[in-house]
Each structure stands twice: as structure tokens, then as C-alpha cells.
Amino acid sequence: IHFILLFSRQGKLRLQKWYTTLPEKEKKKITREIVQVVLARNQKTSSFIDWKDLKLVYKRYASLYFCCAIEEQDNELLTLEVVHRYVELLDRYFGNVCELDIIFNFEKAYFILDEFIMGGEVQETSKKSAVKAIEDSDMLQEVRHERQTPHLSVFILVLVCC
């Protein structure tokens with residue numbers, strides 16, 4: 001996978017992950033072009049587009065489009081399955097994911113994607129393993145946050161002593 005884009009029906013980019021190094025200006029140009037191409041298509045047409053020397057594979061879930069760019073010789077159906085698995089992982093984490101979940105918790109959406117795909121290659125095919133890693137990360141963050149957050153009794157003690 002060269003890159004993954006998530007964008008709304010209005011063309012607002014919600015998430016982007018690039019596995020190919022390109023200048024920022026080029027990324028923005030490519031993103032604009034792809035969003036326009038995908039949004040202009042009829043819903044009843046194929047979810048595969050030959051684009052330059054790549055193939056675009058996209059799928060719409062509710063108000064979001066999930067779009068991947070792959071090599072011409074790569075399997076489009078497998079890529080659709082990868083997109084679907086990512087949506088399943090998001091659903092499992094957020095409980096019926098929606099666009100607002102991605103907007104307000106984009107760091108979690110990126111973390112879930114990174115747990116699943118790394119360097120443009122699927123790393124973990126097991127939903128259970130991926131979800132376990134995500135839950136472990138949440139648990140670690142909670143423990144770390146509890147250690148960094150002084151308890152109310154410490155604040156009261158400091159106020160009394162001062």
C-alpha cells in the first residue's frame with residue numbers, strides 16, 4: 001500500500017497515512033485529485049480506479065471514504081478486505097465508529113492503523129491480537145496517567161502545610 005486516505009463525502013480529509021516518501025506539496029496535490037476523482041464517481045460503479053501508475057481501491061462506510069493506493073499488479077479484493085478489517089477494528093474499539101470518532105480521537109485511529117499496517121504491509125491479521133494490543137496500550141496510558149496525576153489528598157496536604 002502506498003498510502004491510505006480517509007475523507008468525508010464533503011471532501012474533508014480525516015486521516016492520511018503515507019508509506020511512500022513524497023514532498024508535502026505533492027501529497028496535498030495527490031490528495032485533492034483523488035478526493036475529486038472518487039467523489040465524482042457514481043455509487044454503482046466499481047470501487048477500483050486505474051490512476052497514473054497505481055490502482056485506487058476505495059469503499060464508503062457511512063459518511064467516510066476509505067481509499068488505498070496499491071501497485072497495478074496487487075489484488076484489489078484483498079485490499080478491500082484490508083480496508084474492511086480496519087473498519088472492523090475501529091468499530092470494535094469505538095463501538096460503531098463514526099466520523100466524529102475519527103475527528104476527535106484521530107491519534108487512536110492512527111494507532112489502530114499502525115497496529116494493523118506498518119510500512120504499507122499488513123502486520124496483524126488477527127482482530128483479537130490487534131484489539132488486545134490496543135487495549136494494552138490504553139491500560140498502559142491509564143496507569144501512566146494515574147502515576148503522573150497527584151491525588152486530591154496530596155493537594156490538600158500541600159495546602160494545609162503552606
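Accessible area here comes from the Shrake-Rupley method with a 1.4 Å probe. On that basis, the protein, which is a predicted model, exposes about 10400 Å². Carbon and sulfur atoms supply 55% of that area.

Now for the fold. Along the sequence, the elements run β-β-α-β-β-β-α-α-α-β-β-α-α, which comes to six helices and seven strands. Of the 162 residues, 36% are buried. As for who touches whom, take the contacts with a separation of 6 or more: 47% of them join residues 24 or more positions apart.

Next, the inside. How many cavities of 30 Å³ or more does the structure hold? There is one, and the largest cavity has a volume of about 40 Å³. Its lining is made up of Ile4, Phe66, Cys68, Val82, Val83, Tyr86, Leu113 and Ile117. Two elements, β5 (64-71) and α2 (76-94), each give two or more residues to that lining. Which element gives the most? That's α2, with three residues.

Sorted by class, the lining of the largest cavity looks like this:

| Class | Residues in the lining |
|---|---|
| Nonpolar | eight residues |
| Polar | no residues |
| Charged | no residues |

So if you're looking at the cavity in the viewer, the side to start from is α2, which gives the most to the lining, along with β5, which gives two or more residues. You won't find a charged or polar residue among the lining ones, as the eight there are nonpolar.

Methods
Residues are numbered from 1 along each chain as its sequence is written. This is a predicted model: local features need pLDDT of at least 70, side-chain atom pairs count only at pLDDT 80 or more; totals for chains, interfaces and linings use all residues. Side-chain values use heavy atoms; hydrogens and water are left out. On a 1 Å grid over the protein atoms alone, a cavity is a set of points where a 1.4 Å probe fits but cannot get out, and a pocket is an open set with protein on both sides within 12 Å along at least five of seven lines; lining residues have an atom within 4 Å of a point. Grid points are joined across faces, edges and corners, and a volume is the space filled by probe spheres set on the points. Helices (H or I, at least four residues) and strands (E, at least two) are DSSP runs, numbered from the N terminus. Ala, Val, Leu, Ile, Met, Phe, Trp, Tyr, Cys and Pro count as nonpolar, Asp, Glu, Lys and Arg as charged, and the others, Gly among them, as polar. Buried means under 20% relative accessible area, exposed over 50%, partly exposed in between (1.4 Å probe, protein chains only). Contact means heavy atoms within 4.5 Å.
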